Amino acid sequence: MTDIDRIKDEMILAASRAYTRGIQTGNGGNFSARVPGKDLMVLKSSGGSFMDATRDNLLITDFAGKLVEGNGKPTREALLHGFIYQAAPQVNGVMHCHSPWAIAWAATGQDLDKVTYHQELKFGCPIAVIDVKSPVVRAEDFPLIEALLKKYPQLPGFVLADHGVVAVGDNIVNAEHNAELIEETAQVAFLKALAAKLAI
Ligand SMILES: [Zn+2]
């Protein structure tokens with residue numbers, strides 16, 4: 001098995017986990033993995049569901065989202081993936097999901113910070129909420145993300161207001177695990193805020 005096929009199989013597993021867990025429904029979201037040693041990434045094509053990912057419909061693009069290999073249209077969010085790989089050499093996988101609890105929590109404008117012991121132990125840093133006021137992250141928004149990646153080298157991801165989670169990891173499976181934990185942490189944060197209101 002080639003390195004690329006192994007990476008594609010990890011991506012298919014991660015996408016299936018994300019869909020089954022319900023952190024991405026329908027045909028939204030996207031995910032990618034770095035091609036080792038090259039300025040290239042393997043990327044979900046635009047329009048397909050996470051559950052439809054196969055070795056044949058995953059694309060290879062450069063970090064600007066230009067198609068290098070495969071049939072299909074790269075996601076318009078390819079630029080964000082490419083930017084993260086350039087800014088953070090430790091990141092080899094990016095999972096982007098339109099996860100409902102995280103999006104809802106982002107409306108508070110507050111970072112997810114010290115919500116659970118598990119968050120602190122696993123992440124060791126807050127999950128920032130970033131409001132770029134655009135449906136896609138544009139090049140002019142990248143400095144915000146670069147600053148986060150520099151401040152927290154172990155950063156597991158962040159939340160885009162009115163949009164979703166961008167989780168990263170040293171491989172795509174770990175990036176997906178981080179996406180699940182960010183969504184779970186947002187759900188707990190929401191319910192904790194509600195419980196505090198209900199408490200007598
Ligand atoms: Zn998106």
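## Exercises on helix α1, the core and strand β8

D5, R6 and T20 are exposed (12 or fewer other C-beta atoms within 10 Å of their own, against 20 or more for a buried residue and a number in between for a partly exposed one, with C-beta atoms placed from the backbone) on the other side of α1. The model is a predicted one, in which local features need pLDDT of at least 70 and side-chain atom pairs count only at pLDDT 80 or more, whereas totals for chains, interfaces and linings use all residues. Numbering starts from 1 along each chain as its sequence is written.

**Exercise 1.** Determine which residues of α1 are buried and how they are arranged about its axis.

*Solution.* Begin with the extent of the element: α1 comprises residues 3-21, helices being DSSP runs of H or I with at least four residues and strands runs of E with at least two, numbered from the N terminus. Next, list the buried positions, which are I7, K8, E10, M11, A14, A15 and A18. Viewed down the axis, these residues fall within an arc of 160° (taken from the directions from the axis to the C-beta atoms), so they line one face of the helix. Finally, the cover over them includes β1 (30-34), β2 (40-44), β3 (58-62), β5 (93-97) and α6, where contact requires C-beta atoms, placed from the backbone, within 7 Å.

**Exercise 2.** Identify the residues with the most contacts inside the largest nonpolar core, and the helix that gives the most to it.

*Solution.* The core (buried Ala, Val, Leu, Ile, Met, Phe, Trp, Tyr and Cys residues joined through C-beta atoms within 7 Å) has 52 residues, and those with the most contacts inside it are M11, M95, A102, V159, A179 and I182. Helix α6 (residues 172-198) contributes the most, namely seven residues. Turning to M95, its contacts, leaving out residues up to four places away in sequence, include A14 and A18 as well as I172, A175 and A179.

**Exercise 3.** Describe how β8 is paired and what is unusual in the turn that leads into it.

*Solution.* First, six of the six residues of β8 (residues 164-169) are buried. Second, β5 runs antiparallel to β8 over five bridges (pairing needs at least two DSSP bridges), with V94 opposite V168. Third, β7 (residues 157-160) is also antiparallel to β8, through four bridges, and L160 has G164 as its bridge partner. The hairpin of β7 and β8 has three residues between the strands. Among residues other than glycine, most have a negative phi. D162 in this turn, however, has a positive phi of about 55°, and D162 is partly exposed, with 14 other C-beta atoms within 10 Å.

Methods
Contact = placed C-beta atoms within 7 Å. Expected span 1.5 Å × (residues − 1).
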